[in-house]
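Please open the model in your viewer and keep the selection panel at hand. The stops below say what to select next and what is to be found there.

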Amino acid sequence: MVKISDVARHAGVSPSTVSYVLSGKRSISAETRERVLASIRQLGYRPHAGARALASSRSNVLALMLPLRTGIHVPVVMRFATAVVTTARSFDHDVLLLTQEEGEEGLRRVADSALVDALIVMDVQLDDPRLPLLRSLGRPSVLIGFPADATDLTCIDLDFRAAAEECLTHLAELGHRDVALVGSPPEVYARRTGFAERVAEGFTATAERLGLDAGFYPCEATVESARALVARLLAERPGLTGVVVHNEPIAEPLVRAFQSAGRRVPGDLSVVAICPDEVAEQAEPPLTSVAIPAEEVGRRAVELLMGKLDGTTVPAATLLPPALTARASSAAPAAD
């Protein structure tokens with residue numbers, strides 16, 4: 001095993017100089033620093049995690065708080081988690097994944113320990129009970145999601161309100177006037193989850209602005225619930241020609257249920273979804289959609305957090321603009 005003394009001998013410096021290069025505790029000339037780093041690379045030296053933590057007073061571990069609550073679509077949120085872990089490794093950090101619903105107690109437990117240097121918080125609610133404590137902690141944090149009041153917080157997410165506006169504007173420009181939003185499971189709205197609430201707000205506000213006949217329908221994420229909702233929509237809204245879906249697990253079952261009921265997609269009914277591109281592309285027909293940029297959001301959340309750890313000023317709010325991709329599931333409504 002290569003030791004720090006081996007690196008020092010190879011680079012022609014003292015072991016303490018190698019330590020200072022690794023910890024950043026003292027200013028080292030650029031020439032010496034590069035010589036030490038070159039020796040580290042050539043010898044394959046890897047600092048011992050415990051020793052590195054003691055030297056730098058940092059654990060090189062980030063906490064990702066991702067409570068797996070009911071109504072969450074795990075495959076999508078794990079895309080965010082994977083991006084966080086991958087990006088953290090590029091900064092030589094590991095990630096402690098916390099999935100239990102512990103709220104403020106769990107946040108305090110992690111923050112009071114020496115386990116992590118900083119926190120990324122997901123599944124943010126509009127009135128999230130974790131926020132007062134998060135604001136008072138001495139550890140940097142980034143939220144993937146926006147609460148109602150984001151004062152003194154650093155937040156990043158897709159602009160879900162604009163995403164709903166983009167979907168509905170697309171349908172309106174095609175000529176659809178009777179539209180519906182098939183939303184997330186009811187418990188997601190009961191918790192006032194930020195991203196779901198903002199989709200509903202954007203859909204409602206855009207429908208009012210464009211003068212559309214619109215309805216909002218939360219739906220459990222099961223095939224049976226999708227079929228039941230389709231039967232209800234066809235009974236209550238016989239003139240329905242456009243649907244926006246913000247519920248990834250039932251996007252394809254919903255289309256199949258409409259088709260089984262005799263509605264051609266897009267001949268009789270256009271469908272637009274807010275979902276990952278993979279979900280949209282694999283549907284039949286492929287769905288016009290606004291992509292959920294999980295990989296970009298996760299990567300940029302870590303970059304914001306590393307900036308805060310390094311003492312850099314970072315933007316308080318980062319809203320990624322929606323990008324709609326037109327596919328085979330949307331077209332002008334059939335002529336009467």
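Select Arg192, which lies in the loop between helix 9 (186–190) and helix 10, where helices (H or I, at least four residues) and strands (E, at least two) are DSSP runs numbered from the N terminus. Although Arg192 is not a glycine, it has a positive phi of about 60°, and with a relative accessible area of 37% it is partly exposed; buried means under 20% relative accessible area, exposed over 50%, and partly exposed in between, with a 1.4 Å probe and protein chains only. This is a predicted model, in which local features need pLDDT of at least 70 and side-chain atom pairs count only at pLDDT 80 or more, while totals for chains, interfaces and linings use all residues. Residues are numbered from 1 along each chain as its sequence is written, and side-chain values use heavy atoms, with hydrogens and water left out.

Next, select helix 10 itself (residues 194–210). What does helix 10 touch where it packs on the sheet? It touches strand 6, strand 7, strand 8 and strand 9, and its direction makes about 175° with that of strand 6; axes here are lines fitted to C-alpha atoms, for helices over the stretch in contact, with angles from 0 to 180 degrees between N-to-C directions, and contact means heavy atoms within 4.5 Å.

Now display the sheet, an open one of six strands in the order 7-6-8-9-10-12, with mixed pairing. Two strands count as paired if DSSP finds at least two bridges between them. Strand 7 (213–218) and strand 12 (324–325) stand at the edges with a single partner strand each, so one side of each is left without a neighbour in the sheet. Inside this order, strand 6 (residues 178–183) pairs with strand 8 (residues 242–245) in the parallel sense over four bridges, and Val179 can be picked out opposite Gly242 in strand 8.

Add helix 8 (residues 160–174), which lies across strand 6, strand 8, strand 9 (270–274), strand 10 (288–290) and strand 12, and runs at about 165° to strand 9.

Two loops that lead into strands of this sheet each carry a cis peptide bond. In the loop between helix 12 (251–260) and strand 9, select Pro266; the bond that reaches it from Val265 is cis, with omega near 10°. Then move to Pro285, in the loop between helix 13 (277–282) and strand 10, which is joined to Glu284 by a cis peptide bond with omega of about 0°.

A further group of strands can be selected together. Strand 4 (residues 141–144) and strand 5 (residues 155–158) run parallel and are joined by two bridges, with Leu143 opposite Cys155 in strand 5. Strand 5 also pairs in the parallel sense with strand 11 (residues 317–320), over four bridges, and here Leu158 stands opposite Leu320 in strand 11.

For the last residue, select Asp123, in the loop between strand 3 (118–121) and helix 7 (131–136). Its phi is near 55°, a positive value in a residue other than glycine, and is Asp123 buried or exposed? At 8% relative accessibility, Asp123 counts as buried.

Finally, zoom out to the whole protein, which has 14 helices and twelve strands and whose C-alpha trace spans about 85 × 40 × 35 Å along its principal axes. Buried residues make up 48% of its 336 residues, and among contacts between residues at least 6 apart in sequence, 72% join residues at least 24 apart.
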